[in-house]
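Colleague: Got a minute to go through this model with me? I'd like to ask about a pocket, a helix and the cysteines.

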Amino acid sequence: MNGRELDAAGITGPALRAAYTRCRRLNARHGRTYFLATRLLPVERRCAVHALYGFARWADDIVDDLDRRQPPGERDRLLRRLESDLAHGLRSGGGEEPVVRAVAHTAERYAIDHGLFADFLASMRSDLTVTDYPTYADLRAYMHGSAAVIGLQMLPVLGTVVPREEAAPHAAALGVAFQLTNFLRDVGEDLDRGRVYLPADLLAAHGVERPLLDWSRRTGRHDPRIRAAFVEADALIRTVYREAAPGVDMLEPRVQPCIRTAFVLYRGILDAIAADDYRVLHRRAVVPRRRRALTAAGGLVRIVGARMRARTPVASPGAVARAEGSRR
């Protein structure tokens, strides 16, 4: 990890520094959009965000097992071992896995509710057996643990200018909006893993069921019913962004540019999906690199004044450019 970030966060022990470094690498490798926005945070808070992302990514990778080397029973065992390790880490500040040591340290430092981690792991475990969601209400119940709690975990790290409970619903909605965006973007890849994260009733309203999705994915052919369903999903996701939007101004001024940048970049994925005529079953839609760079640069401009007033170091343009060059 960037030694400057560790030093600013007051993280001194070699083992703990190594644990946070592991989390940062996971963020840089897998969370391109998220990592880029994180570069705009006050330097002393980045480590905590990396820890929260790194732990979530670690659990998600156990569940997904992209190489398909582990049967569901083994993935369940690994997830339960991680859950046990986390419970021990939250009690003692330790942990076998580096990501657990880092996230336990972050949870203690920022007094993050331990129940949020339990809810997250419960949703991860459901991914081992649940492959679709009949209604949007069913999907939202799942996303409470898989996405909303991430926004709630972030709130103590970011800080608010209003009572935290006032900002909490918007933070939760932003986590949900980000995940729904990923669900639409990655619908083809999720289908390959045997899962559909778009509500079955939304799809069925347009005459779309899983066999039709499988056919389109397998053949590369298009169907207007699928496009219509994805257009409706896009509109639904944009309503969640509107739920989340008021929360940005409730955050501490120094962190607002970071979250606003993440907001714009993630919502831009929806624009990229629409521009590609909703062909997400056949290829991943991406925000053009130039647009990502310009959005990040705009965030940097907005942050300079706040950072200067707070006499806090600003991420250099070179650092933002290097973050933009990282690969998911």
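Colleague: How much space lies in the second largest pocket?

Modeller: About 260 Å³. Bear in mind that this is a predicted model.

Colleague: Which residues lie nearest the centre of that pocket?

Modeller: Trp58, Ile62, Leu78, Arg81 and Glu97, out of 13 residues that line the second largest pocket. The elements giving two or more residues to this lining are α2 (14-30), α4 (46-64) and α5 (72-92).

Colleague: And how do the lining residues divide into nonpolar, polar and charged?

Modeller: Seven are charged, five are nonpolar and one is polar.

Colleague: On to α4. How far does it reach from its first C-alpha to its last?

Modeller: α4 reaches 26 Å with its 19 residues, close to the 27 Å expected at 1.5 Å a residue.

Colleague: Is α4 mostly covered or mostly bare?

Modeller: Mostly covered, with 16 of the 19 residues in α4 buried.

Colleague: Now the cysteines. How many disulfides does the count come to?

Modeller: Zero. Cys23 is in no disulfide.

Colleague: Why is there no bond for Cys47?

Modeller: Because the closest cysteine sulfur, in Cys23, is 9.6 Å from the sulfur of Cys47, which is too far for a bond. The cut-off for a pair of cysteine sulfur atoms is 2.5 Å.

Colleague: Are those two cysteines buried or exposed?

Modeller: Cys23 has 0% relative accessibility, so it counts as buried. Cys47 is buried too, with a relative accessible area of 1%.

Notes:
Residues numbered from 1 in each chain as written. Predicted model: local features only at pLDDT ≥ 70, side-chain atom pairs only at ≥ 80, totals over all residues. Heavy atoms only, no water. 1 Å grid on protein atoms, 1.4 Å probe; cavity = no way out; pocket = protein on both sides within 12 Å on 5 of 7 lines; lining within 4 Å. Points joined across faces, edges and corners; volume = space filled by probe spheres on them. Helix = DSSP H or I, 4+ residues; strand = E, 2+ residues; numbered from the N terminus. Nonpolar A, V, L, I, M, F, W, Y, C, P; charged D, E, K, R; others polar. Expected span 1.5 Å × (residues − 1). Buried < 20%, exposed > 50% of the residue type's maximum accessible area, 1.4 Å probe, protein only.
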